[in-house]
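Here are my notes on the model, set out as numbered points for you to follow with the coordinates open. Please check each one against the structure as you read.

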Amino acid sequence: MSRVLDRMAAAGLLFCWLALPAAADGLSRFEEAMKQAPAGTLTYKSAKALGDNGFVLEGVVVTPPPDKTPGAKAEPVEIKRIAVEDFDFAAVDKKAPPNFARVRVEGIVIGAKPAEGIDLAELAGIDKISADFQLDYRLDPERKTMTLNRLELDLNGLARLELSMVLDGVNAESVDNPEAAMNDASLRTATFLFEDRSLLSKVLPAAAKMQGIEPVALIVMSKAVLAGLRAGQGTATLAALDALGSYLDDYQQPKGPLRVTLNPPEKTSAAAISGMTTPDEAIKALGLVVSYAGTKPQAAAKPDTKASASSGGKAGCAPGARFFVMHEDAWWSVTAREASKSGDRCIARIDGGADDDITFGLDEARAWSIDGPGKPVAKCSSGDKVIVAFKDGGWYPSKVTGNAAAGAKCPIKYDSDDTKEPVELKRVRRID
């Protein structure tokens, strides 16, 4: 579905060429701007101005230029109507990003085969998608505040997504320097709403089919991830996880929309959030609340021990069960697909890895935890045998090569290739 949503964004290409001299009205300004776009990028049957800062186009066809769709054929996107109700032409006249825009795009039509290799009819029984899009924002340069009144995507008959938020500490320069904006910008408030009408009941079975599993197994896997986040967390975090788990339970017919609200008690930047290590830390810092009308208490994850895994037979290898398994020099997080016919081995796939199955004996597996396999290490002691998390997601057997003071990085050497590096203690664990 991500490829489909990307193609819906093609309608937004027309705003990339709005750097132009002043003209009589909004339509004239737009038509002048389009002279800079590649020929045939956008055509329309009729148009009219909406004062000095707006225009309406009817019967639109957008064809993304080849450089906007690398490696894929640029398919035209039909759009019933584009209404630019208010747009900051004055800013773009000065070669600056617009400080405000209010846009409605209606009747975006996506066929069953939006890209090569994608057949929505075959995957999810969707013949075509008709969508509407709205954007309404305003940036106050003096106060450095950006207000997103509404960003909405309505997939007619499938789902509706809506986002609103207020950011402080942003300006026009933030567009060209997103890394600085991550540090400087802070969230004042935000609301995200997902209203499912039939999308999940189509997409989840299609996703399960692509992985060669049943839809219920995909739900079990997703809920196992949520359950693994519950240990040691506070009331607010557990309430959010209850709502998310309940929504997954009701994916075939949700009891209303899923709403996420953020009201940070104090200024918190995106860079600061990225450094938090537990769900509790992030939820408290963001003032995050997840609400769903069908929320029911969810069970915590049952601890998977080496003994219970080895004695569990087929039950221990139920679809969706998660383990850590040694495979090609590292411990990997895996999700079970099914038990072997004999029941003493498990068939699984590495989380986030290739599509190839791996098999392992249940007595070889270790308990799954969001923190990693084994147990945490309290301090670095020279000569200790440990496992170290690497950027590829694996936990590699290693040896501590020296002592480290509290708070300092731990010097280690990987067993697989003798590479040495200092690593943060949170990346170091041990296997009994």
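1. Tyr247 is buried, with a relative accessible area of 5%, and Tyr292 is likewise buried, at 6%. Please keep in mind throughout that this is a predicted model.

2. How many aromatic pairs does the model hold? The count comes to nine aromatic pairs, and Tyr247 and Tyr292 make up one of them, with ring centres 4.9 Å apart and planes at 80°, so the pair is edge-to-face. An angle over 60 degrees between the planes is what earns that label. Because Tyr247 belongs to helix 8 (residues 235–249) while Tyr292 sits in the loop between strand 11 (288–291) and helix 11 (306–311), the contact ties together parts that are 45 residues apart in sequence.

3. Phe390 and Tyr396 also form an edge-to-face pair, since their planes stand at 80° and their centres are 5.9 Å apart. Their surroundings should be described separately: Phe390 is partly exposed, with a relative accessible area of 34%, whereas Tyr396 is buried, with a value of 13%. Both residues belong to a cluster in which ring pairs also link Trp332 and Tyr414.

4. A contact of another kind involves Arg138, whose charged end sits over the ring of Phe100, at 4.5 Å from the centre of that ring.

5. Which cysteines form the disulfide? The structure holds one disulfide, and it is formed by Cys380 and Cys410, whose sulfur atoms lie 2.0 Å apart. The pair links distant parts of the chain, 30 residues apart, with Cys380 in the loop between strand 17 (375–376) and strand 18 (385–389) and Cys410 in strand 20 (residues 410–414). Cys380 and Cys410 are both buried.

6. Turning to the strands with lower numbers, strand 3 (residues 55–62) runs antiparallel to strand 1 (residues 42–43), and two bridges join them. Thr43 stands opposite Val61 of strand 3 in this arrangement. Strand 3 also pairs with strand 2 (residues 46–49) in the antiparallel sense, over four bridges, with Ala49 standing opposite Phe55. A further antiparallel pairing, over seven bridges, joins strand 3 to strand 4 (residues 77–87), where Ala83 is the bridge partner of Val56.

7. Strand 2 and strand 3 form a hairpin with five residues between the strands, and in this hairpin Gly51 takes a positive phi near 70°. I would ask that this glycine be looked at together with the Ala49 and Phe55 pairing, in which the two residues stand opposite each other.

8. Which side of helix 2 is buried, and against what does it pack? The buried residues of helix 2 (residues 26–34) are Gly26, Leu27, Arg29, Phe30, Ala33 and Met34. They lie on the same side of helix 2 because they cover an arc of only 160° around its axis. In general, an α-helix has 3.6 residues a turn, so residues three or four places apart point the same way. The buried residues of helix 2 pack against strand 1, strand 2 and strand 3, and also against helix 3 (89–93). The three strands named here are thus the ones described in point 6, where strand 3 pairs with strand 1 and with strand 2.

Terms used:
Residues numbered from 1 in each chain as written. Predicted model: local features only at pLDDT ≥ 70, side-chain atom pairs only at ≥ 80, totals over all residues. Heavy atoms only, no water. Pairing = 2+ DSSP bridges. Disulfide = S-S within 2.5 Å. Buried < 20%, exposed > 50% of the residue type's maximum accessible area, 1.4 Å probe, protein only. Arc of directions from axis to C-beta. Contact = heavy atoms within 4.5 Å. Phe/Tyr/Trp six-rings, centres within 6.5 Å; stacked < 30°, edge-to-face > 60°. Lys NZ or Arg CZ within 6 Å of the ring centre and 35° of its normal.
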